[in-house]
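Let's take a walk through this fold together. Have the sequence and the coordinates open side by side.

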Amino acid sequence: MATLAATVRDRGEGERRWFSGGGLHTWLATAEETGGAFLLFEFTAQQGKVTPVHIHPASDETFYLLDGEIQLDLDGKRRNLSTGGVVVIPRGVPHAFMVVSPTTRFLTLQTPGTDEAFYRLASEPALDGSPPIPVDFDRIRVAAEQTGAIQIVGPPPF
């Protein structure tokens with residue numbers, strides 16, 4: 001069995017990607033670096049960013065809010081989550097979120113790290129000074145269909 005190398009990233013380090021669903025990802029630990037165990041990224045977004053209702057059929061998703069507030073829709077039930085809050089969303093649970101504060105930053109942990117291919121197909125490198133890419137839910141849908149990492153089960157519920 002091969003031993004993985006340690007992954008160390010300081011503040012501001014990590015691959016940065018503009019997500020076509022809105023917002024910026026800073027990848028802190030990739031599936032390759034963790035032997036597929038998990039994917040960890042920091043997500044930054046502006047007020048009004050929404051996701052469609054979706055499920056992750058093969059991974060659990062955890063959010064830890066570093067700053068700001070989001071409104072969650074978990075299987076049709078609404079709940080706000082603010083700085084210091086955490087939500088663990090088991091695979092197969094329909095969910096969506098909307099950013100309600102001016103900005104938000106949170107960590108996203110997906111276990112195992114099988115959804116990385118989806119995020120790569122649905123994003124572009126965020127080079128220094130590059131503007132965000134436009135929100136494109138069609139691109140999200142195509143990436144979801146190609147990878148099977150998520151299944152969109154409804155429009156944004158907000």
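What follows goes from the first strands to the core, then to a cavity and one proline.

A word on conventions: this is a predicted model, where local features need pLDDT of at least 70, side-chain atom pairs count only at pLDDT 80 or more, and totals for chains, interfaces and linings use all residues. Residues are numbered from 1 along each chain as its sequence is written, and side-chain values use heavy atoms, with hydrogens and water left out.

Start with strand S1 (residues 15–19) and S2, which run antiparallel and are joined by four bridges. Strands here are DSSP E runs of at least two residues and helices are H or I runs of at least four, numbered from the N terminus; two strands pair if DSSP finds at least two bridges between them. S1 and S2 make a hairpin with four residues in between, and Gly22 in the turn has a positive phi of about 105 degrees. Across this pairing, Arg17 stands opposite His25. S2 (residues 24–29) is mostly covered, with five of its six residues buried, that is, under 20% relative accessible area (exposed is over 50%, partly exposed in between; 1.4 Å probe, protein chains only). On to S3: S2 pairs with S3 in the antiparallel sense over five bridges, and Trp27 stands opposite Phe41 there.

Now the inside. The largest nonpolar core (buried Ala, Val, Leu, Ile, Met, Phe, Trp, Tyr and Cys residues joined through side-chain atoms within 4.5 Å) has 24 residues, and those with the most contacts inside it include Phe63, Leu72 and Phe97. Among the elements supplying at least two residues each are S3 (39–46), S5 (60–67), H1 (116–121) and H2 (137–147); S3 gives the most, with four. Take Leu72: leaving out residues up to four places away in sequence, Leu72 touches Phe63, Val87, Phe97 and Phe158, among others, where contact means heavy atoms within 4.5 Å.

What about empty space? The whole structure holds one cavity of 30 Å³ or more, and the volume of the largest cavity is about 230 Å³. Of its 21 lining residues, Phe19, Thr51, His54, Phe97 and Tyr119 lie nearest the centre. A cavity here is a set of points, on a 1 Å grid over the protein atoms alone, where a 1.4 Å probe fits but cannot get out; lining residues have an atom within 4 Å of a point.

Last, Pro157 sits in the segment after strand S12 (151–154) and counts as partly exposed because its relative accessibility is 26%.

Conventions:
On a 1 Å grid over the protein atoms alone, a cavity is a set of points where a 1.4 Å probe fits but cannot get out, and a pocket is an open set with protein on both sides within 12 Å along at least five of seven lines; lining residues have an atom within 4 Å of a point. Grid points are joined across faces, edges and corners, and a volume is the space filled by probe spheres set on the points.
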